[in-house]
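Subject: Handing over the two-chain model

Dear colleague,

I am passing the structure on to you with this message, and I would be grateful if you kept it open while you read the notes below it.

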Amino acid sequence: MNKSAKRTLKYLSLAVFGMFFFSFALVPLYDVFCEVTGLNGKISQSEEGVSYESNTGRDLTIQFVSHNAEQMPWIFRPSEKIMKVKTGKYSNATFFVKNNTDKPMTARAVPSVAPSNANEYLKKLECFCFEEQFLAPGEEALLPVRFIFDSNIPESINNVALSYTIFDITNYNDMEMAHHDGR
Amino acid sequence: MSSVIESHHDDHHHGPAKGLMRWLLTTNHKDIGTLYLWFSFAMFLIGGAMAMVIRAELFQPGMQIVQPEFYNQMLTLHGLIMVFGAVMPAFVGLANWLIPMMVGAPDMALPRLNNLSFWLLPFAFGILLSSLFMEGGAPNFGWTFYAPLSTTYAPPSVTFFIFSVHIMGASSIMGSINVIVTIMNMRAPGMDLMKMPLFVWSWLITAYLLIAVMPVLAGAVTMMLMDIHFGTSFFNAAGGGDPVLFQHIFWFFGHPEVYIMILPAFGIISHIIETFARKQLFGYESMVWAMLSIAILSFVVWAHHMFTVGMPLAAELFFMWATMLIAVPTGVKVFNWVATMFKGSISFETPMLFAIAFVVLFTIGGFSGLMLSIVPADFQYHDTYFVVAHFHYVLVPGSIFSIMAAVYYWIPKWTGNMYDERMGRLHFWLSFVGVNVTFFPQHWIGLAGMPRRYPDYALQFADWNMVSTAGAFLFGASQILFLFIVLKTVLGGKKATPQVWEGARGLEWSVESPAPYHTFSTPPKVK
């Protein structure tokens with residue numbers, strides 16, 4: 001094999017390794033892309049010090065939806081299914097949860113917003129989805145969400161659905177049995 | 001590397017070693033090409049047998065022959081085996097046989113790597129097929145193995161699937177490195193890039209695509225492995241991951257992959273059409289540029305496979321237009337093939353029949369692809385039999401017809417014998433009728449709303465499914481005839497001349513038929 005063939009071989013091997021690492025780089029890139037564009041319902045916490053309050057708000061309907069991920073036995077539902085809110089004004093909503101099993105359990109709720117272009121205008125000051133929820137057997141709780149719609153939300157959006165899916169992550173911290181537990 | 005000094009005696013030629021060890025240890029590009037081609041033929045028959053199980057089950061509505069679980073395994077393995085075991089190795093086999101002869105090189109640049117990249121494949125597919133006999137059955141999540149079907153809900157054999165994908169990926173990567181190093185460094189003096197035969201060009205581009213995307217596939221299955229066994233959450237929403245991310249990574253590999261399976265076909269068809277039209281190919285340079293632009297565009301269209309995941313309008317529009325743009329270079333190619341045939345003195349030997357069928361039927365597959373690229377229409381067509389009809393039209397009468405055409409075209413060069421022309425034509429017509437009877441009705445049942453990947457269907461789809469199954473068995477049976485024709489040609493037949501075909505051009509036709517074990521030990525001069 002001559003010199004130039006060796007050089008070709010070298011840069012091709014580098015390209016192979018580069019592309020393998022690129023596939024892993026796609027994971028954070030995907031998150032960054034979603035965050036910048038506000039796609040995929042990945043909600044960012046409202047930035048501190050920025051005020052979205054205004055007096056020129058309009059009426060908007062928000063619907064709350066709850067889902068249980070597979071094999072999640074908790075009772076999980078919004079206290080109110082529909083709320084009328086004003087943009088530029090803070091609103092509060094609650095979700096009811098109950099651990100109706102006889103085991104202590106940990107859960108995480110993952111939010112999603114539809115239509116997706118409403119996402120960047122929905123700001124949450126406080127949300128139970130920001131942290132893990134731990135409930136003792138039989139314990140119940142009202143989980144709060146405090147949110148505001150930016151007044152710049154496009155005129156075409158009059159209805160927004162905020163949905164949460166609750167996942168059982170009790171076994172998730174034991175690395176061994178990530179999610180093959182109980183199956 | 002040290003220069004090997006060979007003593008040249010005219011009466012002493014190094015022939016192949018004898019016995020089984022010849023095939024195990026060979027570093028000869030012709031031997032390895034033969035191994036690849038036979039391996040892919042075996043996989044084609046195994047994957048085809050699985051397709052017969054699928055079509056037999058769909059012959060009538062209701063569950064007849066197999067259980068739904070087994071149906072899903074057949075569906076998954078059929079896809080994986082045909083893509084990674086039949087089509088891709090067949091093209092690598094053709095590359096091995098033809099590229100060194102076409103560029104006037106004595107062998108591939110990295111002969112031992114070549115041996116390794118072939119011998120990985122039987123192990124990869126041995127592992128994959130062995131999963132059929134494991135507890136919980138073979139992979140059952142479709143060849144696209146979307147998470148969480150392939151992670152949270154997968155059978156235990158998924159780990160074997162992951163390793164087999166790793167191995168076949170390594171094999172493809174080594175094969176394509178070999179192709180690129182050969183083409184870039186071992187061309188005969190005088191053969192500039194723009195004088196290379198189009199099959200060589202098509203493989204150069206394909207090999208770059210493979211190097212760019214096979215590592216991404218390896219990354220995707222590695223993430224699956226980590227999600228399943230090491231507690232990570234790449235694709236698990238509960239841990240902060242996202243199953244849609246899997247689809248993005250998969251199709252970032254998957255869309256270039258579909259061009260990997262068609263670009264070498266473009267090269268083959270160009271050679272065959274110019275030979276049997278007895279004219280120089282129309283628009284050589286535009287053919288090269290068309291292939292290059294198709295390859296580049298293939299990296300920016302992947303999300304058209306997943307329009308229904310809930311993408312913003314801007315992304316849908318971008319991917320729709322980028323996809324439609326691919327029709328332009330593809331249209332250039334089809335135009336050039338037709339223009340080459342125009343006013344040519346065409347004769348209709350078997351390779352030409354397959355090549356003309358390729359142009360017509362691949363174009364039909366291209367048009368249904370154009371329909372699928374339209375976002376609002378895709379919401380209707382997504383995951384229906386229309387999609388099944390589309391990709392089978394581009395893969396069966398597209399890629400596979402081109403491989404068959406290539407076998408008929410070059411087999412006299414490989415074996416020194418002419419194939420039986422009458423039987424070849426019979427094989428063509430049976431395949432042509434079979435493929436259309438199988439897949440054309442699937443357009444209609446798809447448009448009528450029959451979803452893909454189910455073992456059962458609503459009564460209104462019964463008639464065309466029955467027709468489709470009949471066609472599938474005709475097509476399947478005619479491939480046994482193909483096997484017979486190939487064996488008969490290997491064993492004997494009318495002796496072929498060096499040029500074989502009246503209109504054939506290119507260095508590979510300048511050596512005797514069958515091609516000697518070593519060709520172009522001294523490089524030819526190319527004007």
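What follows is a description of chain A, then of its contact with chain B, and finally of the nonpolar cores and two individual residues.

Please bear in mind throughout that this is a predicted model.

**Chain A: overall layout**

Chain A contains one helix and nine strands, and read from the N terminus the order of its elements is α-β-β-β-β-β-β-β-β-β. The chain is divided into domain 1, covering 3–37, and domain 2, covering 45–175, and the C-alpha centres of these two domains of chain A are 37 Å apart. Of the 183 residues in chain A, 23% are buried. When the contacts in chain A with a separation of 6 or more are considered, 73% of them come from residues 24 or more positions apart.

**Strand pairing in chain A**

Four strands of chain A form an open sheet in the order β2-β4-β8-β6, with antiparallel pairing. Its edge strands are β2 (75–78) and β6 (122–127) of chain A, each of which pairs on one side only, and from one strand to the next the twist averages 25°.

Within this sheet, β2(A) and β4(A) are paired in the antiparallel sense over four bridges, and Pro78(A) has Phe95(A) in β4(A) as its bridge partner. The side chains along β2(A) alternate, in that Phe76(A) and Pro78(A) point to one face and are buried, whereas Ile75(A) and Arg77(A) point to the other and are not. On β4 (residues 91–98) of chain A there is also the pairing with β8 (residues 140–149) of chain A, where eight bridges join the two strands and the direction is antiparallel; here Phe96(A) has Leu142(A) in β8(A) as its bridge partner.

Strand β9 (residues 159–168) of chain A is joined by eight bridges to β1 (residues 59–68) of chain A, and these two run parallel, with Val65(A) standing opposite Ser163(A) in β9(A). Strand β5 (residues 105–114) of chain A is likewise joined to β9(A) by eight bridges, but that pair runs antiparallel, and in it Pro111(A) stands opposite Tyr164(A) of β9(A).

**The contact between the chains**

In the contact between the two chains, 27 residues of chain B meet 30 residues of chain A. On the side of chain B that touches chain A, helices α5 (158–185), α6 (198–229) and α7 (243–260) of chain B each supply at least two residues, and the largest share, seven residues, comes from α6(B). By type, the residues on that side of chain B divide into 19 nonpolar, eight polar and no charged.

**Nonpolar cores**

The largest nonpolar core has 169 residues, and those that touch the most other members are Val87(B), Val200(B), Ala220(B), Ile269(B), Phe354(B) and Ala405(B). Helix α3 (residues 68–103) of chain B gives the most to this core, namely 23 residues. Leaving out residues up to four places away in sequence, Ala220(B) touches Ser23(A) from the other chain, as well as Phe246(B), Ile249(B), Phe250(B) and Phe253(B). There is also a second, separate core of 27 residues, which includes Val97(A), Phe147(A) and Ile153(A) together with Ala238(B).

**Two residues to look at individually**

Val160(A) is placed in strand β9 of chain A, and it counts as partly exposed because it has 19 C-beta neighbours inside 10 Å, where 20 or more would be needed for a buried residue. Apart from its neighbours within four places in sequence, Val160(A) is in contact with Leu60(A), Ile62(A), Val113(A), Ala118(A) and Leu122(A). Val160(A) and Phe64(A), which are 96 residues apart in sequence, have a C-alpha to C-alpha separation of 8.7 Å.

Ala472(B) is found in helix α16 (residues 462–491) of chain B, and it counts as buried because 23 C-beta neighbours lie inside 10 Å. Not counting residues up to four places away in sequence, Ala472(B) touches Ala51(B), Met52(B), Arg55(B) and Thr438(B). By contrast with these contacts, the C-alpha atoms of Ala472(B) and Phe199(B), 273 residues apart along the chain, are separated by 30 Å.

With best regards

Terms used: Residues numbered from 1 in each chain as written. Chains lettered and ligands numbered in written order. Predicted model: local features only at pLDDT ≥ 70, side-chain atom pairs only at ≥ 80, totals over all residues. Contact = placed C-beta atoms within 7 Å. Nonpolar A, V, L, I, M, F, W, Y, C, P; charged D, E, K, R; others polar. Pairing = 2+ DSSP bridges. Axes fitted to C-alpha atoms, helices over the stretch in contact; angles between N-to-C directions. Core = buried A, V, L, I, M, F, W, Y, C linked by C-beta atoms within 7 Å. Buried ≥ 20, exposed ≤ 12 C-beta atoms within 10 Å, placed from the backbone. Domains from an automatic or database assignment.
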